[in-house]
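Q: Please give a close account of one loop residue in this model, and then of the elements that surround that part of the chain. How is the local packing arranged?

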Amino acid sequence: MHHDVEHGIEPTTIIKGIHDINDRLRAVAELDEADSVLILVGALDRKFARIGVRMADLLPDARLVEVAGAGHTVHLERPDAWLGAVTE
């Protein structure tokens, strides 16, 4: 069995994660009753930045904010940008 040697991740775990993400994206598509949705991602978190774009494409009133210089924890890494996006 081949492992992701660098991260110790089983391929089946990766595949399950992809399916989980797709399930979540389908659930997001059902948010069309919401007036607006803020999708806030860190530019350095490439995986979730791509997911954010997909989510924004699915939601007609979504606002995607990609924060430069932040990774997965935008609220901790760039609290100023997080607060600005949330209160805008």
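A: D45 makes contacts (heavy atoms within 4.5 Å) with A70, G71 and H72, leaving aside residues up to four places away in sequence. The model is predicted, and local features need pLDDT of at least 70, side-chain atom pairs count only at pLDDT 80 or more, and totals for chains, interfaces and linings use all residues. Residues are numbered from 1 along each chain as its sequence is written, and side-chain values use heavy atoms, with hydrogens and water left out.

The loop that holds D45 runs between strand 1 and helix 2; helices (H or I, at least four residues) and strands (E, at least two) are DSSP runs, numbered from the N terminus. D45 is buried but has no salt bridge, where buried means under 20% relative accessible area, exposed over 50% and partly exposed in between, with a 1.4 Å probe and protein chains only. A salt bridge requires a side-chain nitrogen of Lys or Arg within 4 Å of a carboxyl oxygen of Asp or Glu. The nearest side chain of opposite charge to D45 is K47, 7.3 Å away; Lys and Arg count as positive, Asp and Glu as negative, and His and the chain ends are not counted.

Strand 1 pairs with strand 2 (residues 62-67) in the parallel sense, over six bridges, pairing being defined by at least two DSSP bridges. One of the residues involved is I39, whose bridge partner in strand 2 is L64. Between these strands the chain passes through helix 2, in a β-α-β crossover that is right-handed: with the strands pointing away from the viewer, the path from the first strand over the helix to the second runs clockwise.

The largest nonpolar core has ten residues, including V37, I39, V41 and M55; such a core is a set of buried Ala, Val, Leu, Ile, Met, Phe, Trp, Tyr and Cys residues joined through side-chain atoms within 4.5 Å. Helix 1 (11-29), strand 1 and helix 2 (46-58) each supply at least two of its residues, and helix 2 gives the largest share, four. Another core, of six residues, lies apart from it and includes V65, A70, V74 and A85.

L38, within strand 1 (residues 37-42), counts as partly exposed because its relative accessibility is 34%. Beyond four places in sequence, L38 touches R63, V65, A85 and V86, whereas V37 touches L59, D61, A62 and R63.
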